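Thank you for making time for this at the group meeting. I would like to take you through one structure, beginning with the chain as a whole and then turning to particular elements and residues.

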Amino acid sequence: MDAGGLQTQGDEALHCETSDRVCLMSSATAEMLPIASIDELLIPSWQKLAKNVVEPNIFYESWMLEPALKHFSFHPELHLFLFWAGVPHKSDLLGLLPVGPSRQFGRWPVPFVQNWTHHNSFLGTPLVRRGFENQFWTALFKALDDQNWPGFLHIRGLTIGGPLDQALRSECTRQSRRCDLVHSEARALLQSDMGAENYYTANVRGKKRKELRRQAKRLGEMGDLQFAHHRDDSDLNSWIDDFLRLERRGWKGQNGSALDCADDTRRFFRETLFGATSSGQLERHDLRLDGKPLAMLVNFLSSKGSFSFKTAFDEDYARFSPGVLLQIENLNILERRDIEWMDSCAAEDHPMIDSLWSDRRHIGRFSVELKGLSRTAMFRGVRLGEDLMAHLKGREIVDIMQVQQ
């Protein structure tokens, strides 16, 4: 693939998204853009793509990915893969994924290629315009086959069973290209046609609801207890300061994982919240007692989805469950008709959020074979080793695509 990109062939070159007249023409190109070459000219196309994706992913939207690339380390050969409907920057952007080589596959010193994520990134799904899922994977595979990077492709954080997973497997099957789901986890998802009150009643036991009412009453007797919801940038700097202090005072601060424990995460968090506010995608919630924050929550909105990104609570008030009380207020997002679901971004089997949200989102890692004898040999050798280790440790991989069949 040259600097201009990859030209599509055959029927795919004529594919159209007729609802808004976006067409994949014969001049469609796939571009590998060095990270250092990202500039403001790309942002409008990037933002338009993010509003029309088949699967929202805030972690690859410009207002979050740019601060992450600014503050976190990455391989010097990391590129931004861009799939254009025609000439780059003069046509619609149909797909985007940060991707590049890595030197270490888990504990093994094996080179491979993967989408870029970081410790505060909880999803790795590419941004792909609805209707162009198969074409995106075809272009990405061709671009990587033509690169001189060694090893195989590893996709982290892909939603199992989603449209992009389905297209990935379909294209790999069509091209006789091996694609294996190598890891899976399930995390809490909020998704229901019920309103907030009915959902809460249906999913939380009566005894637990009674206890939470008692705790809220006790807190209210201690002073002025207020829930607040913000979507603009009013007092945003001071709100961020409150959040960072609150999180650092807890267990995350003690083990060094709080955002305020390092300059890079602190700056990333602040810049991301300001960027999300500018794009109208930030929601802030807090619970305060006489103005003192007891629990705080950051949500991001994207298309018809939402992400519960970060939460913090005052552990001195743990007996009153302030974090749970704030999450109960957060259920009010079910009243919004423009939002269909919220991803918890939480670890699997999280004791708090799993007790409130009944649905689960399955997230997986996929390894995909790239063309070339040495690449194929490396891929198959690694997969044999992974399968052996999974067998010895009794590790289960849940593939809901197979369960649903």
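I will start with the overall picture, go on to a pocket and two helices, and end with some loop residues.

Please keep in mind throughout that what you have in front of you is a predicted model. The secondary structure of the chain comes to twelve helices and 15 strands. A compact globule of 405 residues would have a radius of gyration near 22 Å, and because the chain has 22 Å, the two agree. If we lay a box along the principal axes, the C-alpha atoms fill roughly 70 × 50 × 40 Å.

Two further values describe how the chain is packed. Buried residues make up 55% of the 405 residues, and, among the contacts with a separation of 6 or more, 76% are between residues 24 or more positions apart. As for the surface, the chain exposes about 18,700 Å², of which carbon and sulfur atoms supply 49%.

Let me turn now to the second largest pocket, which has a volume of about 640 Å³. Its lining consists of 21 residues, and those that lie nearest the centre are Phe105, Gly106, Arg107, Arg365 and Glu386. Which elements each supply at least two residues of this lining? They are strand S6, residues 112-115, strand S8, residues 153-159, strand S9, residues 179-190, and helix H11, residues 373-393. Of these, H11 gives the most, with six residues. In terms of chemistry, the lining of the second largest pocket divides into eight nonpolar, five polar and eight charged residues.

From the pocket I move to two helices that are mostly covered. The first one I would point to is helix H2, residues 62-71, in which eight of the ten residues are buried. Those buried residues are Ser62, Trp63, Met64, Leu65, Pro67, Ala68, Leu69 and His71. What covers them? The cover for the buried residues of H2 includes helix H1 (43-50) and helix H9 (263-278), together with strands S4 (79-84), S5 (93-102), S12 (292-302) and S13 (305-313).

The other helix is H10, residues 322-330, where eight of the nine residues are buried. Here the buried set is Pro322, Gly323, Val324, Leu325, Leu326, Gln327, Ile328 and Asn330.

In the loop between S13 and H10 we find Ser321, and I mention this residue on account of its backbone. Ser321 has a positive phi of about 50° although it is not a glycine. Is Ser321 buried or exposed? With a relative accessible area of 15%, Ser321 falls under the 20% cut-off and is therefore buried.

Asp349 makes a useful companion to that residue, since its phi, near 60°, is again a positive value in a residue other than glycine. Asp349 lies in the loop between strand S14, residues 341-343, and strand S15, residues 359-368. At 62% relative accessibility, which is over the 50% cut-off, Asp349 counts as exposed.

I will finish with three loop residues for which we can give a partner that is distant along the chain. Lys51, in the loop between H1 and H2, counts as exposed at 67% relative accessibility. The C-alpha atoms of Lys51 and Gly280 are separated by 12 Å, although the two residues are 229 residues apart along the chain.

Next comes Glu335, which lies in the loop between H10 and S14 and counts as partly exposed at 47% relative accessibility. From C-alpha to C-alpha, Glu335 and Ser192 are 9.9 Å apart in space, while in sequence they are 143 residues apart. If we leave aside the neighbours within four places in sequence, Glu335 is in contact with Gly195, Ala196 and Glu197.

Lastly, Asp399 is found in the loop between H11 and helix H12, residues 400-403. Which residues, neighbours within four places in sequence aside, is Asp399 in contact with? They are Ile160, Arg169 and Leu181. Asp399 and Val182 are 9.7 Å apart in space, C-alpha to C-alpha, and 217 residues apart in sequence. Asp399 has a relative accessible area of 9% and is buried, whereas Glu335 is partly exposed and Lys51 is exposed.

Methods. Residues numbered from 1 in each chain as written. Predicted model: local features only at pLDDT ≥ 70, side-chain atom pairs only at ≥ 80, totals over all residues. Heavy atoms only, no water. 1 Å grid on protein atoms, 1.4 Å probe; cavity = no way out; pocket = protein on both sides within 12 Å on 5 of 7 lines; lining within 4 Å. Points joined across faces, edges and corners; volume = space filled by probe spheres on them. Helix = DSSP H or I, 4+ residues; strand = E, 2+ residues; numbered from the N terminus. Nonpolar A, V, L, I, M, F, W, Y, C, P; charged D, E, K, R; others polar. Rg over C-alpha atoms; globule rule 2.2 N^0.38 Å. Buried < 20%, exposed > 50% of the residue type's maximum accessible area, 1.4 Å probe, protein only. Contact = heavy atoms within 4.5 Å. Areas by Shrake-Rupley, 256 points an atom, 1.4 Å probe, with all protein chains shown as cover.
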